[in-house]
Amino acid sequence: MKRVWVTRTEPGASRLGSFLKSKGYVPFVAPVMEIHATDDPRPRKSIDLWVFVSTHAVGHAVSSGWSTSGKCVAVGTATADALKAHVSDVAVPRVQSTEGLLELIQRDFVTNTSVCIVAGRGGRTDLEKGLREHDYDVNTWLAYKRCPTQFNVKLEGIDAILIGSGAALSPVMDTLRKSQIPCAKWPHIIVPSERIANFAKTQGLGNVFVAQGASKEAVLQALSALDD
């Protein structure tokens, strides 16, 4: 399990590729989506709790001049690390997912807390809905959007494909279908959550494996498990 297609967005894709190369893998960094800022304004009202669902959310918030003395929650360790360069108090859920965020907020913050979810356009709305159902004052700041890229990858010899979001599944699936490789011999698909895995299977993808999150260590562990 050596040749790996990294489909994630930049700059994380190149960082992950360099990490995997240092561990003996042969990465092909070819993102299928790219990230652009939106013109969605950040909330002007007082916010008690900022919730960041990705490192992109952090980057675009900071570049727009965002700052806060309030509390922050990050979906996972990579997002938390990005936040810690700008704020001192960052919480991370035990389960690094939307469901984990909802559990953490319900446990640690009273209802009616003013919450701002910093996310990407076209992403999941489960967290917003869940918080509203539990009487939180929810605001959503769609600070970035994903756009398709032009990429060129030869699938022959690729052992595994790393997918970071549900949005990446469609272009990957199109590439697989256009290839001359029989479905039974398609590369292994590694995703960061059960939700994306289930979605991948509905799209006809087999050999789907779930990493324990989106961190480089989780990806390495998943690849190592496939090597065994």
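**Strand pairing and the nonpolar core**

User: Which residue in E11 is the bridge partner of Ile190?

Analyst: This is a predicted model, in which local features need pLDDT of at least 70 and side-chain atom pairs count only at pLDDT 80 or more, while totals for chains, interfaces and linings use all residues. Residues are numbered from 1 along each chain as its sequence is written, and side-chain values use heavy atoms, with hydrogens and water left out. E10 and E11 pair in the parallel sense over three bridges, where pairing requires that DSSP finds at least two bridges between two strands. Within E11, the bridge partner of Ile190 is Phe209.

User: Which strands stand at the edges of the sheet?

Analyst: Strands (E, at least two residues) and helices (H or I, at least four) are DSSP runs numbered from the N terminus. Five strands form an open sheet with parallel pairing, in the order E2-E1-E9-E10-E11. Two of them have a single partner strand each, so one side of each is left without a neighbour in the sheet, and these edge strands are E2 (26–29) and E11 (208–210).

User: Which element gives the most to the largest nonpolar core?

Analyst: A nonpolar core joins buried Ala, Val, Leu, Ile, Met, Phe, Trp, Tyr and Cys residues through side-chain atoms within 4.5 Å, buried meaning under 20% relative accessible area with a 1.4 Å probe, protein chains only. The largest has 23 residues, and Trp5, Ile161, Ile163 and Leu205 have the most contacts inside it. Helix H6 (169–178), strand E10 (188–191) and helix H7 (194–202) each give two or more residues, and the element that gives the most, with four residues, is H6.

Definitions and conventions. Buried < 20%, exposed > 50% of the residue type's maximum accessible area, 1.4 Å probe, protein only.
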